[in-house]
Amino acid sequence: MVSTPSNALGPTRARQGQAARTPTAWHACRALLRRDFVLAWRRRGELFLPLLYAVIVTALFPFALGPDPQLLGRIAGGVLLVIVVLAMLPALDSMFRSDLEDGTLEQWLLAPQPLALLALTRVIAHWLTTVLPLLVVMPLLGALLDLPAGVLPVLLVALLLATPLLALLGSVLSALAAGARRSGILLALMLLPLAVPVVIFAAGAIAAAQSGMPYLAPLAWLAAALAMAIVLAPLACAAALRIAVES
Amino acid sequence: MMDWLAMGGYAAYVWPAYAVFFAVLAWDWLAPSFRKRKLMRELHGRIAREQTRNTRVPRAEASA
Amino acid sequence: MSRSYIPHWIHWLGSPPNFYRFAGAWRPWLMAAALAAGAIGLYGGLVLAPPDYQQGDAYRIIFIHVPSAWMSLAIYAGMAVAGLIALVWRVKLAEVIAMESAPIGAAFTLVTLVTGSLWGKPMWGTWWTWDARLTSELVLLFLYLGVIGLYHAFEDRRRGARAASLLALVGVVNLPIVHYSVQWWNTLHQGSTVDLFGRSSIAPSMLWPLLVMALATHLYYFASILGRARTDLLSLESGKQWVRELVEEQPAQRQGAPT
């Protein structure tokens, strides 16, 4: 490194050396994603818990309301939406907690990459590992509740927009609650006001599709909210993480 | 007077509303007062303990 | 020098011992003014104002319901501003005021919901309807409870105050979105949109007691927040010299009226 003062290789080496010292944001995010996937895979039993929860709750509805297909079909969209929101809750609590306890978050704060970007990466990993499986079994759950076949695509699109939005909002709350002694029901209490508009628009789209009305407007609102949340929620999440780490 | 208390037949709604208003605000007013009284008692106790400790074992202060 | 743009008296007031004495001096006067305004407002509202030609005497709940609803929003705004100051400048007093505002705001929100329900029963025939305004108020109560719950979930109270302040700021963004989405949802489901106030403007004989009651609730809030902040400062600064001097000045009160 020092022995080749100025030849053609010099600048390239220097750049490589620099790259090795401070990886680009892209490298950092990729490494973070890979780490989260490996961790999720090692605890893959836990990934099935939200799924199991959703299946159990869905199976209870016909027993409570009676197996009338018309009634079940009418409420299926809203019921599945609420089940997905509730199934997302327990996992939200653990989004940052273990990283705070083992000191990983302090490394995040010290990292040259912007904290908001790392937080966004964590939300993406979280969504892919805990929420995506729920969406994959949605057709099955829809069939259990006699959801009309034409409504299923709208339900899936609404969930594809609403669940990342909820995960982004939940990441802020999870970061806020990470430093607290206990959360759990507290997280549900904090999420409710934030989840109300999301649930309203997602359910609005599903209800509109079910009654044969135009359903694009609420979906567009959800998409707009998602675009805004992708920009703003990581910033709020970063601020919350700073509060959680600093004493 | 009875007419006024009857509130034109709506007494069962008007007076409970006012009762709730005053009960909640009274709680809001009294709760910090009780908290403060408890806190003052604790602080008195803490200071009294420190004083007895200092008078009984004067060496502890010297070593500290 | 760097903070010379801040008036001197704010610096003076920001110091806990100064604020403690200031609040102790002002609190009784504010409460007396609140009680006086409340007495005048209630006399005007319950005795002098004529019954409404549509709602009879049931409308008299307005004199506590509407000021409480205004307070529930005003205190939230105040809490968010204090929270912002606490987050940006880390002023201990701002943290205390933000966190002690939350229970008062929650109390007013609860009063708004209960009195609205007591008003709705004779007028609409039901205790609760998923009307846009009621639903927004319910969500506001949950926001308050979330702030209070988060604050108390922390061991370190100052860290809890900062986290809860950030949550309050998130709520500021969220609240208008909730309001408009609930309105949209209401029109979608053809819900019962009952307008309690009617289309006609309110008569002056009913308006002035309402405004005086609003003044009374504002005064009450200031009196209450000063008292709550005093207590909180005492416990936060319990190791400091000024608290020790203050405690030693006062005789131990075993029994007697709470102050």
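How many salt bridges are counted between chain C and chain B? The count is 4 salt bridges, and the paragraphs below return to that interface after an introduction to the model and to chain A.

The structure is a predicted model, and a reader should therefore begin with the confidence values, since pLDDT is the predictor's confidence in each residue. In chain A the average pLDDT is 86, and 91% of the residues score at least 70. The confidence varies along the chain. Among the elements of chain A, helix α9, which covers residues 151–178, has the highest mean pLDDT, at 94. The lowest mean, 50, belongs to helix α1 of chain A, at residues 9–21. Over residues 1–14 of chain A, pLDDT stays under 50. For that stretch the model has 2 contacts beyond four places in sequence.

The next subject is the meeting of chain A and chain C. Here 27 residues of chain A are in contact with 28 residues of chain C. The size of an interface is often given as the accessible area lost when the parts come together. For chain A and chain C, the buried area is about 2400 Å², with 77% of it on carbon and sulfur atoms. Three residues, A:L176, A:R181 and A:I243, supply 23% of the area that chain A buries against chain C, more than any other three residues.

Specific polar interactions can also be listed for this interface. The rule finds 1 salt bridge across it. The side chains of A:E246 and C:R90 meet in a salt bridge, with a distance of 2.8 Å from N to O. In addition, 5 residue pairs, with both members at pLDDT 80 or more, are in polar contact between chain A and chain C. On the side of chain A that touches chain C, helices α9, α10 (185–210) and α11 (216–245) of chain A each supply at least two residues. Helix α10 of chain A gives the most, with 11 residues. Sorted by class, this side of chain A has 21 nonpolar, 3 polar and 3 charged residues.

The interface of chain C and chain B takes 52 residues from chain C and 33 residues from chain B. These two chains bury about 3900 Å² between them, of which 69% is on carbon and sulfur atoms. Within chain C, the residues that lose the most area to chain B are C:L46, C:T231 and C:V247, which together account for 14% of what that side buries.

Chain C and chain B are also linked by the 4 salt bridges of the opening question. A salt bridge is formed by B:E50 with C:R244, whose closest N and O atoms are 2.4 Å apart. Across this interface the rule finds 9 residue pairs in polar contact, both residues being at pLDDT 80 or more. The elements of chain C that give two or more residues to the side touching chain B are α2 (16–48), α3 (62–89), α4 (92–124), α7 (204–236) and α8 (241–249). By class, that side of chain C has 28 nonpolar, 13 polar and 11 charged residues.

A single residue completes the account. C:G41 is found in helix α2 of chain C. C:G41 counts as buried because its relative accessibility is 0%, and buried means under 20%. Leaving aside residues up to four places away in sequence, C:G41 touches C:P209, C:V212 and C:M213. C:G41 and C:L211 are 170 residues apart in sequence, while their C-alpha atoms are 7.9 Å apart in space.

Conventions
Residues numbered from 1 in each chain as written. Chains lettered and ligands numbered in written order. Heavy atoms only, no water. pLDDT = per-residue confidence, 0-100. Helix = DSSP H or I, 4+ residues; strand = E, 2+ residues; numbered from the N terminus. Contact = heavy atoms within 4.5 Å. Buried area = accessible area lost by both parts, 1.4 Å probe. Polar contact = N/O pair within 3.5 Å; in protein donor to acceptor, adjacent residues only side chain to side chain. Nonpolar A, V, L, I, M, F, W, Y, C, P; charged D, E, K, R; others polar. Buried < 20%, exposed > 50% of the residue type's maximum accessible area, 1.4 Å probe, protein only.
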